[in-house]
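Thanks for coming. I will go through one structure today, starting with the order of its elements and ending with a few individual residues. Please have the viewer open.

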Amino acid sequence: MLSRTVALAISAPVLLATAKPLMPRATCSTGTTELCCLSVVGASDVSTLLGLLGITVPGGNLNVGLACSPISSVATGGGSCIANAVCCEDNSLDGLVAIGCTPVAL
């Protein structure tokens, strides 16, 4: 897990530079997790990083959230997000990388 964290920390500046704005939705749908992510990018933009972490994204067209935390646990503002508020389909890596993310308006 430490190697995954180091890989993300090393690549974070590049990922932030390639982030694209996304159109927000009003709410998360059933089966998704509401997260606050430092960066949201296309899976194809971070395919090398995902490969190093052993993550396969089906189709490669999904958005990926990086360095995410649940909206309810964001320390400042309780339930707010000053970065990228998103709904993600797969947060199995506890916020390190979240897959299938769609912006949401808080």
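Reading from the N terminus, the elements run α-β-α-β-β-β. That gives two helices and four strands. What you have on screen is a predicted model, so confidence comes before geometry.

The mean pLDDT of the protein is 74, with 64% of the residues at 70 or more. Over residues 12-18 the pLDDT is below 50, although the model gives this stretch ten contacts beyond near neighbours in sequence. Residues 20-24 also stay under 50, and there the model has nine contacts beyond four places in sequence. By element, the lowest mean pLDDT, 49, belongs to helix H1, residues 2-17. The highest, 92, belongs to strand S2, residues 63-70.

Now the sheet. How are the four strands arranged in the barrel? The order is S1-S2-S4-S3, the barrel is closed, and the pairing is antiparallel. Neighbouring strands of this sheet are turned by 65° against each other on average, if direction is ignored. As a general reminder, strands of a sheet pair through backbone hydrogen bonds, either parallel or antiparallel.

Let us take the pairs in turn. S1, residues 33-42, pairs with S2 in the antiparallel sense over seven bridges. One place to find this pair in the viewer is Gly42, whose bridge partner in S2 is Asn63. On its way round, S2 is also joined to S4, residues 97-103, by three bridges, again antiparallel. Here you can look for Leu66, which stands opposite Val97 in S4. S1 and S3 run antiparallel too and are joined by five bridges. For that pair, pick Cys37, which has Asn84 in S3 as its bridge partner.

Some totals for the protein. There are 106 residues, and 37% of them count as buried. Of the contacts with a separation of 6 or more, 69% are between residues 24 or more positions apart. The accessible surface comes to about 5,800 Å², and 60% of that belongs to carbon and sulfur atoms.

Next, the loop between S3, residues 84-90, and S4, which is where Gly95 is found. Is Gly95 buried or exposed? Its relative accessible area is 3%, and because the cut-off for buried is under 20%, Gly95 counts as buried. Leaving aside residues up to four places away in sequence, Gly95 touches Leu66, Ala67 and Cys68. Leu66 is the residue we just saw opposite Val97. Gly95 and Pro70 are 25 residues apart in sequence, while their C-alpha atoms are 8.0 Å apart in space.

Asp94 is found in the loop between S3 and S4 as well. In contrast to the buried Gly95, Asp94 is exposed, with a relative accessible area of 67%. Asp94 has a phi near 55°, a positive value in a residue other than glycine.

Where else does a phi near 55° turn up? Ala67 has one, again positive and again not in a glycine. Ala67 lies in strand S2 and is one of the residues that Gly95 touches. With a relative accessible area of 37%, Ala67 is partly exposed.

To recap, the strands form a closed barrel in the order S1-S2-S4-S3, and helix H1 has the lowest mean pLDDT among the elements. I will stop there.

Conventions:
Residues numbered from 1 in each chain as written. Predicted model: local features only at pLDDT ≥ 70, side-chain atom pairs only at ≥ 80, totals over all residues. Heavy atoms only, no water. pLDDT = per-residue confidence, 0-100. Contact = heavy atoms within 4.5 Å. Pairing = 2+ DSSP bridges. Buried < 20%, exposed > 50% of the residue type's maximum accessible area, 1.4 Å probe, protein only. Areas by Shrake-Rupley, 256 points an atom, 1.4 Å probe, with all protein chains shown as cover. Axes fitted to C-alpha atoms, helices over the stretch in contact; angles between N-to-C directions.
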